[in-house]
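Trainee: I have just opened this one and would like to go through it with you. Could you take me around it, one place at a time?

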Amino acid sequence: MKIIILVYCVFSNIFFNKVHALPVVLTTDIFANRNIGDSIKNSDNSKNDSFWYLTSIGVRQVKKEPKTLKPIVIAVIDDGFRLTHSEIAPFWYHNNSDPKNSYDDDANGYKDDVTGWDISDNDADVRPPTDKLKSYYHGTYISGIIAKTLKGCYGNKASEYFKILPVKAIEDRSQFTYVKEGYKAFEYAIAMKADIICCAWGSNVIKPEEKELIKKATDAGILVISAAGNFSNAMDYYPASLENVIAVSAVDAQSKKINISNFGKFVTLSAPGDAIFGASSTDDNGIVENKGTSPSTAIVTAASALLKLNFPEKSNLEIEEILMGTSIVTDHIDIKYAGKLGAGVVNFQNIIDFVENQKEISSLFNSENQKGFINFVNDKKSIRDWKVSPFGENLGIAFHLKEIDGDFKNAILRFRSNNRPNIDIKISDWKIGKPVVISDPNTTVELIVNGASKKAEFKIYYEVLPLDRSTLYCSGKNDIAELSGEISDGSGTENNYAEECDCKWQITVPEGYRISIAFTEMDTEEKIDNVFLFDGEYAIPEYAIARFSGTNLPPIVVSRTNSVLIWFTTNDTNNRKGWKLIYQAVKI
């Protein structure tokens with residue numbers, strides 16, 4: 001078997017470091033990215049453990065026949081797809097309502113979309129351009145992981161139960177290799193009534209209209225699964241950070257966070273993301289190896305599809321609950337990231353046991369989960385309690401009412417902890433969207449029923465609030481309107497900057513001015529802890545000016561517009577003295 005090995009290159013030459021006014025911009029997959037490496041090395045040596053992750057997460061054949069014969073449609077939005085690859089070919093979705101005849105037979109607005117659609121080029125050819133097979137590899141790779149994992153559950157029947165809808169979201173002639181029109185591609189996935197959308201990509205920024213497309217998809221009952229990103233940072237990353245999106249981090253064979261994976265409170269769960277093989281975009285039988293949150297997202301997508309097939313009646317919230325409840329808690333293995341890698345590592349063995357034994361969702365409650373659900377259905381017991389005791393250093397626990405039905409009359413929820421007074425809430429008075437936060441990481445939730453109706457039930461989502469040292473010296477986005485001033489990482493002369501920083505400064509001066517920026521101090525971990533500069537308000541490649549790191553003072557930079565975004569990100573090791581700059585509005 002031909003094997004292609006992809007070598008991950010960390011922050012490889014993102015921009016020229018010597019930048020002056022109106023620079024040429026270089027970019028890679030970091031800002032709106034495909035989340036994994038970008039260099040390929042051929043190899044003819046096969047590995048016996050090429051698909052180690054299948055064993056690690058307990059993939060085995062499902063003995064129970066699925067409840068529905070309707071295939072689960074998985075829309076993969078990405079850069080391109082090798083339709084002839086042997087691993088994936090049987091899985092491609094075929095739109096029999098619109099044969100290739102130059103007419104839009106099904107009147108969906110997409111002519112001859114027999115096998116997916118290219119949103120960017122507005123045609124039905126989702127294949128990578130022939131001269132860019134190696135660089136447009138990602139969609140094939142992700143689809144191959146999904147197919148391989150589902151075949152591990154259903155063998156050759158898997159392609160009857162699951163279909164992959166390829167949606168290409170990058171132009172054939174694009175100068176960039178990031179999924180530029182990924183959000184626009186949601187429109188097609190929604191029109192084709194996909195069950196799941198796999199987004200093995202993302203960005204640190206999102207526009208309001210893009211949020212609306214995500215909401216439109218989730219409101220339509222589509223499960224959206226997204227990569228947490230590869231900055232080794234706890235920054236918000238979209239669409240993963242949005243409500244109702246399943247966010248996936250990456251771990252290795254020992255269930256420890258891989259070095260490049262993002263983490264944080266927004267993560268739903270984790271999956272293997274190190275040395276993961278998938279289909280090659282250059283060979284019909286070849287495979288490629290890579291790492292990152294992209295393959296992890298593909299694995300969780302497969303797990304979600306398995307649950308959708310067997311529980312077509314369950315809501316997306318219930319599917320998420322099963323994924324989290326069946327995951328393996330690993331916070332004791334990677335203590336530093338306790339509470340920041342989701343509920344646990346996805347586990348197919350537990351998922352398949354749940355499917356075959358038709359267990360109740362309420363049976364999945366695990367007091368050690370960093371996040372999870374508490375379900376109540378009135379069983380005539382006067383008192384019920386659930387103890388939440390997650391591992392690690394935490395500030396407390398937030399409880400969110402997700403669903404409530406029936407008449408609870410005077411029933412009380414009592415939140416008990418060792419170090420705080422009890423908090424009593426009348427259930428009928430608790431409003432969805434108003435969380436209860438207990439500043440104690442060990443809390444017992446006690447329900448005192450007091451005559452609730454027989455059909456009374458509720459669902460509560462809880463999440464641990466992990467300690468966050470990233471905001472020690474700077475945080476969030478800081479708007480600056482002065483014509484001149486000084487900006488720094490905030491750590492001062494005596495301290496090193498904080499780990500896991502994600503800080504922004506937005507300088508805006510009047511029209512007719514440009515902004516001159518001169519660094520007076522620079523001491524960061526080279527190519528890891530970076531100061532990025534962008535024209536305008538968005539950290540996307542088209543607006544990039546420069547990236548600086550290391551110990552050499554950068555040259556003076558002059559913006560191309562009257563607004564500059566400065567973005568400082570760090571990982572969790574080797575924090576240094578930091579940086580300082582002065583800026584000045586310059587009349588043009």
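Mentor: Let us begin with S491, and keep in mind that this is a predicted model. S491 sits in the loop that runs between β23 (484-488) and β24 (502-508).

Trainee: Is S491 buried or exposed there?

Mentor: S491 is buried, because its relative accessible area is 3%, and the cut-off for calling a residue buried is under 20%.

Trainee: What does the side chain of S491 reach?

Mentor: The side chain of S491 reaches the backbone oxygen of K577, at 3.4 Å. If we leave aside the neighbours within four places in sequence, K577 is also among the contacts of S491, together with Y473, N496 and Y497.

Trainee: You mentioned β23, so which sheet does β23 belong to?

Mentor: β23 belongs to an open sheet of four strands, ordered β23-β30-β25-β28, and the pairing in this sheet is antiparallel. In general, the strands of a sheet pair through backbone hydrogen bonds.

Trainee: Which strands stand at the edges?

Mentor: The edges are taken by β23 and β28 (557-558), and each of these has a single partner strand, so one side of each is left without a neighbour in the sheet.

Trainee: And how many bridges join β25 to β30?

Mentor: Ten bridges join β25 (residues 513-523) to β30 (residues 578-587), and these two strands run antiparallel. To find the pairing in the viewer, you could look at Y513, which stands opposite K587 in β30.

Trainee: Changing topic, which residues touch the most other members in the largest nonpolar core?

Mentor: That core has 60 residues, and the ones that touch the most other members are I146, Y154, F162, V300, L323, V346 and F348. Helix α6 (residues 293-310) gives the largest share of this core, namely nine residues.

Trainee: What is V346 in contact with?

Mentor: Apart from neighbours within four places in sequence, the contacts of V346 include I57, L269, I299, V300, A303, L323 and I351. There is also a second, separate core of 31 residues, with V73, L165, V224 and V245 among them.

Trainee: Last thing, what volume does the largest pocket have?

Mentor: The largest pocket has a volume of about 1200 Å³. It is lined by 47 residues, of which D236, S241, L242, K265 and F266 are the closest to its centre.

Trainee: Which strand gives the largest share of that lining?

Mentor: The largest share, four residues, comes from β21. At least two lining residues each are supplied by α7 (316-325), β14 (371-377), β16 (394-405), β21 (457-466) and β24.

Methods: Residues numbered from 1 in each chain as written. Predicted model: local features only at pLDDT ≥ 70, side-chain atom pairs only at ≥ 80, totals over all residues. Heavy atoms only, no water. Buried < 20%, exposed > 50% of the residue type's maximum accessible area, 1.4 Å probe, protein only. Polar contact = N/O pair within 3.5 Å; in protein donor to acceptor, adjacent residues only side chain to side chain. Contact = heavy atoms within 4.5 Å. Core = buried A, V, L, I, M, F, W, Y, C linked by side-chain atoms within 4.5 Å. Pairing = 2+ DSSP bridges. 1 Å grid on protein atoms, 1.4 Å probe; cavity = no way out; pocket = protein on both sides within 12 Å on 5 of 7 lines; lining within 4 Å. Points joined across faces, edges and corners; volume = space filled by probe spheres on them.
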